[in-house]
Amino acid sequence: MELRNINTFLHVAELHSFSRAARELDYSQSAVSSQIAQLEAELGVPLFDRVGKTVRLTDAGQTFQHYARILLTTAQQARMALQPAPEARGTLRVAIADSLLRALMPGLLKQFHALCPLVEVSFRAANTQEMQDLLSANRADLAYTLDHPVTDPAYVVALDEPEPCCFLAPAGHPLAGRQGLALADLAGQEFLLTERGMSYRDALEQLLAARQLTLHPYIEMGDAALLCRLVEQGMGLTFLPRYMVDASLAGGAVPLDVEDCHIEMRRQLFYHKDKWVTPQMEIFLRLARER
């Protein structure tokens with residue numbers, strides 16, 4: 001069973017297309033078809049259903065996909081074990097929460113580039129489910145999320161840190177500096193919030209609903225750093241992860257002390273359990289743990 005054929009199988013399975021797999025692998029379409037035919041002959045089962053232009057895994061193909069990933073990963077690890085530690089080169093693909101990208105990546109990337117000048121890094125903003133889909137399809141190497149804990153055994157969690165969230169007000173706001181505030185004290189204030197669907201926004205909405213309270217933001221956006229700047233300009237209150245607040249503030253806004261609101265998310269960096277951990281992945285993981 002040739003590793004080349006297994007690699008081609010995985011590309012077809014992930015792309016649902018012989019022609020797209022051929023373009024990505026720089027093969028002719030006939031070469032891809034021949035490799036899949038050889039693999040099916042060796043295994044004695046069809047791996048794909050081909051109906052018109054639609055390509056889907058058969059039940060046998062779905063079963064083999066899991067083992068194919070393990071086979072390729074094991075082969076890569078065996079090669080690496082027999083060679084000197086390589087200089088990190090190539091690519092690193094990271095699916096990441098937008099707020100983490102803006103708040104934590106500038107400093108980390110400076111360190112990473114100094115250690116891995118030959119690595120091209122690409123980021124893709126995504127929610128946690130999209131991250132898991134990207135990892136499972138080998139479209140990302142690492143995922144860095146702010147959400148409820150990821151507990152799926154298909155993923156290796158390399159970093160897991162609690163991240164508290166807080167309300168933020170302009171420095172001159174009447175509520176700034178007051179101790180022992182309650183959620184009810186905020187209900188009538190003007191708010192600027194992240195979009196619904198953000199993990200911490202949803203957690204806040206659930207807490208408010210439990211208290212029969214609502215907030216009515218007059219601005220919603222995905223850019224948490226811009227929200228911080230608007231709050232500093234006196235445009236209203238917001239609710240964000242504390243690390244985002246600390247990274248963005250220039251002195252024009254202050255966190256509020258709200259006694260009955262204690263929302264904490266998890267900052268997690270993880271990868272697929274079948275993924276071969278490249279040198280650049282190892283370095284990125286180490287730098288993230290050290291921050």
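In the predicted model, strand β6 spans residues 155–170 and pairs with strand β11, residues 264–272. The two strands are antiparallel, and nine bridges connect them. Within this pairing, Pro164 of β6 lies opposite Glu264 in β11. Strand β6 has further partners. Strand β9, residues 238–241, is joined to β6 by four bridges, again in the antiparallel sense. Here Cys165 is placed opposite Pro241 of β9. Strand β10, residues 253–255, also runs antiparallel to β6, with three bridges between them. Ala169 faces Val254 in β10 across this pairing.

A parallel arrangement is found around strand β3. This strand covers residues 90–96 and is joined to strand β4, residues 119–125, by seven bridges. The two strands run parallel. Val94 stands opposite Phe123 of β4. Strand β3 also pairs with strand β5, residues 142–147, through three bridges in the parallel sense. Val94 takes part here too, with Leu142 as its bridge partner in β5. Val94 thus has a partner in β4, Phe123, and a partner in β5, Leu142. In a regular strand, side chains point alternately to the two faces of the sheet.

Helix α5 combines with β3 and β4 in a right-handed β-α-β unit. The helix runs from residue 98 to residue 115 and contains 18 residues. Its first and last C-alpha atoms are 24 Å apart, close to the 26 Å expected at 1.5 Å a residue. The helix is nonetheless bent. The bend is about 60 degrees and falls at Met105. A proline, Pro106, follows within four residues. Met105 is also one of the buried residues of α5. The others are Ser99, Leu100, Ala103, Leu104, Leu108 and Phe112.

Helix α8 covers residues 199–210, twelve in number. The distance from its first C-alpha to its last is 17 Å, close to the expected 16 Å at 1.5 Å a residue. The buried residues of α8 include Ala203, Leu204, Leu207 and Leu208. Ser199, Tyr200, Arg201 and Glu205 are buried in this helix as well. After α8 comes Gln212, which has a positive phi near 60 degrees.

Seven aromatic pairs occur in the structure. One of these is formed by Phe9 and Phe48, with ring centres 5.5 Å apart and planes at 50 degrees, a tilted geometry. The pair links distant parts of the chain, since Phe9 belongs to helix α1, residues 3–15, and Phe48 to strand β1, residues 48–51. The two residues are 39 positions apart. Both Phe9 and Phe48 are buried. Phe48 also pairs with Phe18. This second pair is edge-to-face, at 5.8 Å centre to centre and 70 degrees between the planes. Phe18 is part of helix α2, residues 18–25, and Phe48 is part of β1, so the pair ties together parts of the chain 30 residues apart in sequence. Phe18 has 8% relative accessibility and therefore counts as buried. Phe48 counts as buried because its relative accessibility is 3%. Ring pairs join Phe9, Phe18, Phe48 and Phe64 into a cluster.

Two glutamines were examined individually. Gln65 sits in helix α4, residues 59–81. Its relative accessibility is 15%, so Gln65 counts as buried. With residues up to four places away in sequence left aside, Gln65 touches Phe9, Leu10, Ala13 and Leu57. Phe9, one of these contacts, is also a member of the aromatic cluster. Gln38 sits in helix α3, residues 29–43. Gln38 has 34% relative accessibility and therefore counts as partly exposed. Its contacts are Glu2 and Asn5, again without residues up to four places away in sequence. The C-alpha atom of Gln38 is separated by 60 Å from that of Pro217, a residue 179 positions away along the chain.

Terms used: Residues numbered from 1 in each chain as written. Predicted model: local features only at pLDDT ≥ 70, side-chain atom pairs only at ≥ 80, totals over all residues. Heavy atoms only, no water. Expected span 1.5 Å × (residues − 1). Bend = angle between axes of the 7 residues up to and from the residue. Buried < 20%, exposed > 50% of the residue type's maximum accessible area, 1.4 Å probe, protein only. Pairing = 2+ DSSP bridges. Right-handed = clockwise from strand over helix to strand, strands pointing away. Phe/Tyr/Trp six-rings, centres within 6.5 Å; stacked < 30°, edge-to-face > 60°. Contact = heavy atoms within 4.5 Å.
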